[in-house]
Amino acid sequence: MTTPQEVMDNLDYDSSVVGVEVDVGTHHITSEEIIAYAKSIGETNPLYLDEEVARASTHGALIAPPLFYNLFINRLEPGLDPQVKFGTSGFDAGQHAEFFGPMRAGDTISAKAQIASVYAKTGRTGTMVFTVRRVTFTNQNGEKTATLDRLNVRRDIKP
Amino acid sequence: MNQRYIEDVELGDDVGPMVKEPTRSDLAAFVNVWGTKLGRFTDDEAAKAEGFTGVILPGNMSMAFLAQLITEWCGDLGKLKRLEVDFRRSIQPGDTLQCTGIVTDIQNVDQENQVSMDVYIETQKGERALQGTALVLLPNRA
């Protein structure tokens, strides 16, 4: 079997974009979309769902569930693409997130993205190539709200 | 929601389980809010062409169940600080998901009460579809 090192040695991708951070746009958060997102995953916390309760809380407005950024992340610009040529299919392989404070209704979130790394790994389905895209979210007050590593894996899928 | 305090927590404590049974309409509602058009989440035939038996849940939908498990366990004064989850196997509508955690470490660092946990989602087939770790901050009982 091909080792991960051999895969990396022969991998066709653009390594020049790794570690280069770019702006990928902003998103204005509305109460309606927080409520829609919270309901769609079955959340019941009134801080996400009830504007009156949330306004009376220390937060002063609806707050978003931790993973709310997923609602708008695919609507941001894609950022730099390392154009990894490997396998037949790409999948989300995981998310590693760190949270600094909640996103709130009325916030305008700015996002920056970079390709943090590209690496190969051998698992139960053969060799896979991972691309880690790091996204940093900052609100209109310049406060970092979250950083996210999105793991994408490319491998061969046999239907 | 009940508030949890650091004094309430011991090493090895269970977090949950919280059971989720996502339906096709739950998936459709999430996909609609999320705005994806990827066939593996929206169309059985497209999912089959990729080797699945039918539509699957986006990893970030199932991961949100783990975030809910943890934040409900913490209570509103607790904070989810870090959540690192790997998507290991696909989840389909109709699956029964046990969303579970176990406390693996309790530390006081820089005046913060830090609780580490392993978290995972197990399907009715006994497979761990999602697996990861979390770090939460809990307040002291006043």
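## A tour from the strand pair between the chains outward

Begin at G94(A), which stands opposite D86(B) in strand 2 of chain B; keep in mind throughout that this is a predicted model. Selecting the two strands around this pair shows strand 2 of chain A, residues 89–99, and strand 2 of chain B, which run antiparallel and are joined by 5 bridges.

**The sheet.** Now extend the selection to the strands of both chains. What order do the strands of the open sheet follow? The sheet has 10 strands in the order 1(A)-3(A)-4(A)-5(A)-2(A)-2(B)-5(B)-4(B)-3(B)-1(B), with antiparallel pairing. Strand 1 (22–28) of chain A and strand 1 of chain B stand at the edges, and because each has a single partner strand, one side of each is left without a neighbour in the sheet. If you look along the sheet from strand to strand, neighbours are turned against each other by 25° on average, with direction ignored.

**The chain B end of the sheet.** Select strand 1 of chain B, residues 14–20, along with strand 3 of chain B, residues 97–109; they run antiparallel and 5 bridges join them. A pair to display here is D14(B) with its bridge partner in strand 3 of chain B, I102(B). Next add strand 4 of chain B, residues 112–122, which is joined to strand 3 of chain B by 11 bridges, again in antiparallel fashion. Two pairs can be picked out between these strands: V103(B) stands opposite M117(B), and G101(B) stands opposite V119(B). Following the chain from strand 3 of chain B into strand 4 of chain B, you pass through a hairpin with 2 residues between the strands, where D110(B) in the turn has a positive phi of about 50°.

**The helix across the sheet.** Select helix 4 of chain B, residues 59–74. Which strands does helix 4 of chain B lie across? The helix lies across strand 2 of chain A as well as strands 1, 2, 3, 4 and 5 of chain B, and runs at about 150° to strand 2 of chain B. Within the same view, display L66(B), which touches L83(B), V85(B), C99(B), V119(B), I121(B) and L130(B), when residues up to four places away in sequence are not counted.

**The core.** Colour the nonpolar residues and look for the largest nonpolar core, which has 74 residues; among these, I34(A), L66(B) and I70(B) touch the most other members. Helix 4 of chain B gives the most to this core, with 10 residues. In soluble globular proteins, nonpolar side chains tend to be buried together.

**The contact between the chains.** Select the residues at which the chains meet: 29 come from chain B and 27 from chain A. On the side of chain B that touches chain A, the elements giving two or more residues are helix 1 (24–34), helix 4 (59–74) and strand 2 (79–87) of chain B. Helix 4 of chain B provides the largest share of that side, 9 residues. Coloured by residue type, that side of chain B divides into 15 nonpolar, 7 polar and 7 charged residues.

**Chain A as a whole.** Finally, show chain A by itself, where you can count 5 helices and 5 strands, running α-β-α-α-α-α-β-β-β-β from the N terminus on. Its C-alpha atoms fill a box of roughly 60 × 35 × 20 Å along the principal axes. Of the 159 residues of chain A, 33% count as buried. Among the contacts in chain A with a separation of 6 or more, 73% are between residues 24 or more positions apart.

Definitions and conventions
Residues are numbered from 1 along each chain as its sequence is written. Chains are lettered from A and ligands numbered from 1 in the order in which they are written. This is a predicted model: local features need pLDDT of at least 70, side-chain atom pairs count only at pLDDT 80 or more; totals for chains, interfaces and linings use all residues. Two residues are in contact if their C-beta atoms, placed from the backbone, lie within 7 Å. Helices (H or I, at least four residues) and strands (E, at least two) are DSSP runs, numbered from the N terminus. Ala, Val, Leu, Ile, Met, Phe, Trp, Tyr, Cys and Pro count as nonpolar, Asp, Glu, Lys and Arg as charged, and the others, Gly among them, as polar. Two strands pair if DSSP finds at least two bridges between them. A nonpolar core is a set of buried Ala, Val, Leu, Ile, Met, Phe, Trp, Tyr and Cys residues joined through C-beta atoms within 7 Å. A residue is buried if 20 or more other C-beta atoms lie within 10 Å of its own, exposed if 12 or fewer, and partly exposed in between; C-beta atoms are placed from the backbone. Axes are lines fitted to C-alpha atoms, for helices over the stretch in contact, and angles run from 0 to 180 degrees between N-to-C directions.
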